[in-house]
Amino acid sequence: MTTTEIRETAQSTQVEHFDVLIVGAGISGVGGAYHLTQQCPDRSFVVLEALESFGGTWQMHRYPGIRSDSDLYTFGYRFKPWTGPPIATAQEILDYMGEVVEENDLAQHIRYNHRITTARWSSDDNLWTVEATDGDGETQRFTANFLWMCQGYYRHSEGYTPEWEGMDDFHGEIVHPQTWPEDLDYAGKKVVVIGSGATAATLVPAIAGDCEHVTVLQRSPTYFIPGRNVNDLADTLREIEIDEEWVHEIVRRKLLYDQSIFTQRSFDEPEKVKSELLGGVRAYLGDDFYIETHFTPTYRPWRQRIAFVPDGDIFEGIKSGKASMVTDEIDRFTGAGILLKSGEELEADIIVTATGFNMSVLGDIDVVIDDKPLVFSDTVNYRGMMFTGIPNMLWIFGYFRASWTLRADLLADFVCRLLQHMDEKGVSRVDVALRPEDKDMELLPWIDSENFNPGYLMRALELLPKRGAKREWQHTQDYWREKDEIPAIDLDGPEFVYR
Ligand SMILES: Cc1cc2nc3c(=O)[nH]c(=O)nc-3n(C[C@H](O)[C@H](O)[C@H](O)COP(=O)(O)OP(=O)(O)OC[C@H]3O[C@@H](n4cnc5c(N)ncnc54)[C@H](O)[C@@H]3O)c2cc1C
């Protein structure tokens, strides 16, 4: 079926049919829509998005200073040149995505204010039936041959805030960056930010100038890479009037080359890389005691994402005295602030819990396969994109050590190739299944915590699909191998079962 059809169910409720249904209009979903129009122009598709506009992460997060922590030459799409500074604000990313939507006439395919609640697969007709609640609270029904999950990885409605004793006693305001109140007045206030990841590094410089003081309270230190928010190579190429398409491609390749070397070195010579990273911070702060206490992590570089700090702005805040770091543990909240395990008390008018996300692995959608509720954690993942026991579905989970969108683009090519292959074979269903040689393969948790272990992933491990001992059954987080491996996947290999 290549055109949109209206089907009538037994109850005579209208059901719209599309060849492909994309969940979510974040950077992955909008990218998916683009690739479908280019690579599968005859296929009908719809993008259902819970929010009132596109952007996902960049639409949701409204805290002061919100910006990317990786460069936009690689976080941007392969097909749309990035022309701004490498680290971009949420608004700049939204503007860029807006151009992609407009230039490619994608708006006609996107239904906003459609929150998907259930997706049911039926093997009788090889179709997904999807229910979504629209802006009026009405249930809208769709059928689709293929479900393309671009729902992101965390719950958008609320962030993760641990339970601390005494939180109710605190007289001030407790705020999570994910649900930052638009009218929050922090001018002249004492603010404590709990957590020192990328969010804190972004937020603190943005508010420190207006606050009386900002204290960053961390349990343990994080790695940062300070640097100028410019790309010299891009500037040089522009100076000699190279086309933006070329600038984009050349700068992407150079950045990815440099990142591959850096990533490899962080495995081969972690101590050397660590000392280089600390040297970067020392160049701003100078003080060895401060660096040893607050900026020297105990884990190996790259076990967690490393935040790029444009122009070292958080360190400038610390140097100016408007911000400071405390490395300690919370004993409990008090009326006036936070009592630490060391006995010190931090006074606060506002406490910001930059403590991360709650994973939401399938967009909080109830997935049912042939009348049985899906237990996602019982499935085995195929290259972190398809799952045993879930037909006609692909899931986008990007990279952590490289920009997310690199994988969204790669997997979009894969979906289009797979759909075309199914057409050529005249089949309407594809499953992935363990091969005879995988029969005795050990099944492990989704990710190796020795390799990568951010808190939100560790908290959600039991919700996530299994990983096999072989690369095909893992999300390897290795862009540099996947960029060659994924386009070369043999779609007639024994792991693909067609019907
Ligand atoms: C503050 C912040 C900064 C980040 N910075 C970077 C960075 O610099 N580089 C990088 O590589 N990564 C970064 N990330 C990770 C980032 O989330 C991804 O890179 C990327 O934006 C994810 O895009 P996405 O489209 O896959 O998911 P999202 O941006 O999460 O979008 C998913 C969309 O799906 C919709 N959706 C979900 N469930 C449903 C449902 N049931 N029904 C309908 N719609 C649904 C959501 O409303 C949302 O619009 C950052 C994350 C955060 C939170």
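1. Let's start with a small sheet in this predicted model. Three strands make up an open sheet, running in the order β14-β15-β16, and their pairing is antiparallel. Who sits on the outside? β14 (330–333) and β16 (345–347) are the edge strands: each has a single partner strand, so one side of each has no neighbour in the sheet. On average, neighbouring strands here are turned by 25 degrees against each other, if you ignore direction.

2. Now zoom in on one pair from that sheet. β14 and β15 (residues 337–340) are joined in the antiparallel sense over three bridges. If you'd like one bridge to look for in the viewer, find I330, whose partner in β15 is L340. The two strands β14 and β15 also form a hairpin, with three residues between them. While you're looking at strands, keep one general point in mind: in a regular strand, side chains alternate between the two faces of the sheet.

3. Next, have a look at helix α11 (residues 404–425). With 22 residues, α11 reaches 32 Å from its first C-alpha to its last, which is close to the 32 Å expected at 1.5 Å a residue. Right after α11 comes G426, and the phi of G426 is positive, near 70 degrees.

4. Which residues of α11 are buried? They are W404, T405, L406, R407, A408, D409, L410, L411, A412, V415 and L419. Notice that R407 and D409 are on that list too. The cover over these buried residues includes α1 (27–39), α3 (72–75), β7 (139–149), β22 (393–395) and α13 (479–485).

5. On to the largest nonpolar core, which has 115 residues. Within this core, L21, W148, V193 and V204 touch the most other members. α11 turns up again here, giving the largest share of the core with eight residues. Where does the core lie relative to the domains? Domain 1 (5–156 + 359–498) and domain 2 (161–355) both supply residues, so the core lies between them.

6. W148 is worth clicking on. Setting aside neighbours within four places in sequence, W148 is in contact with V20, L21, I22, V23, G32, L394 and V415. Two of those names should ring a bell: L21 is among the core members with the most contacts to other members, and V415 is one of the buried residues of α11.

7. Finally, don't miss the second, separate core. This one has five residues, including V361, W446, I447 and L464.

Definitions and conventions. Residues numbered from 1 in each chain as written. Predicted model: local features only at pLDDT ≥ 70, side-chain atom pairs only at ≥ 80, totals over all residues. Pairing = 2+ DSSP bridges. Helix = DSSP H or I, 4+ residues; strand = E, 2+ residues; numbered from the N terminus. Axes fitted to C-alpha atoms, helices over the stretch in contact; angles between N-to-C directions. Expected span 1.5 Å × (residues − 1). Buried ≥ 20, exposed ≤ 12 C-beta atoms within 10 Å, placed from the backbone. Contact = placed C-beta atoms within 7 Å. Core = buried A, V, L, I, M, F, W, Y, C linked by C-beta atoms within 7 Å. Domains from an automatic or database assignment.
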